[in-house]
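Hello,

I am passing a structure on to you, and I hope you enjoy looking through it. Please open it first, and then read on for what turned up.

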Amino acid sequence: METTLQLTIDCADPGVMVTFWVEALGYVPEPAPDGHATWRAYWEGMGVPADELPEGVGELPESIVDPSGRGPRVWFQQVPEPKAGKNRLHLDLKVSGGRGVPMELRRLRVDDTVERLTGAGAVVLRVLDELETHYAVVMQDPEGNEFCVA
């Protein structure tokens, strides 16, 4: 039996999250399967009851996929309650190239990504640069979910 990984992120507005995380991860919005125009049409075709499909759900992509097929599918599940408290799980976007890359270049790569993601709606929470061997920036996505760029 093969196990695959899907990352599910609860959110208020899947459209906002899809737009942001496509930019952050280099993923693409996942098209509806089997030639359906929307995910809603696909779910309706499968027989999902109308009361389980609130207005607007599935009209736009609510999931993103790695175009290379290597990374996990990410689904942004709309929930009624807002985020409360600190994440118990977060993503690390590893862009620096790792410890084999000179620190000056690692900082530049991280800072370039932080600038790009800030422009896409993220917020910088803090910079982690206390150690000479580590540099990362803790950020929040448009709905307040924390992640690191390292």
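Is Arg-40 buried or exposed? Its relative accessibility is 13%, so Arg-40 counts as buried, since the cut-off for that class is under 20%. Please keep in mind as you read that this is a predicted model.

**Salt bridges around Arg-40**

Arg-40 is a good place to start. Its side chain meets that of Glu-44 in a salt bridge, with 3.3 Å from N to O. Both residues belong to helix α2, which covers residues 39-46, and they sit four residues apart, about one turn of the helix. Glu-44 has a relative accessibility of 46% and therefore counts as partly exposed.

Arg-40 also forms a salt bridge with Glu-59, where the closest N and O atoms are 3.6 Å apart. Here Arg-40 is in helix α2 while Glu-59 is in the loop between α2 and β3 (63-65), so this pair ties together parts that are 19 residues apart in sequence. Glu-59 is partly exposed, its relative accessible area being 40%.

**A link across the sequence**

Another salt bridge brings together the side chains of Glu-146 and Lys-83, at 3.8 Å from N to O. Glu-146 is part of strand β8 (residues 146-149), and Lys-83 is in the loop between β4 (73-78) and β5 (91-93), so the two tie together parts that lie 63 residues apart in sequence. With a relative accessible area of 16%, Glu-146 is buried, whereas Lys-83, at 35% relative accessibility, counts as partly exposed. Coming back to the helix, salt bridges with shared partners join Arg-40, Glu-44 and Glu-59 into one network. In the whole structure, a search finds six salt bridges, including the ones described here.

**The sheet**

There is also an open sheet to look at. Four strands form it, in the order β1-β4-β3-β2, and their pairing is mixed. At its edges stand β1 (6-11) and β2 (28-29); each has a single partner strand, so one side of each is left without a neighbour in the sheet. As for how β2 meets β3, the two run antiparallel and are joined by two bridges. If you would like a spot to find by eye, look for Pro-29, which stands opposite Ile-64 in β3.

A good first view might be Arg-40 with its two partners, Glu-44 and Glu-59, followed by the sheet from β1 to β2.

Best wishes

Notes: Residues numbered from 1 in each chain as written. Predicted model: local features only at pLDDT ≥ 70, side-chain atom pairs only at ≥ 80, totals over all residues. Heavy atoms only, no water. Salt bridge = Lys/Arg side-chain N within 4 Å of Asp/Glu carboxyl O. Buried < 20%, exposed > 50% of the residue type's maximum accessible area, 1.4 Å probe, protein only. Pairing = 2+ DSSP bridges.
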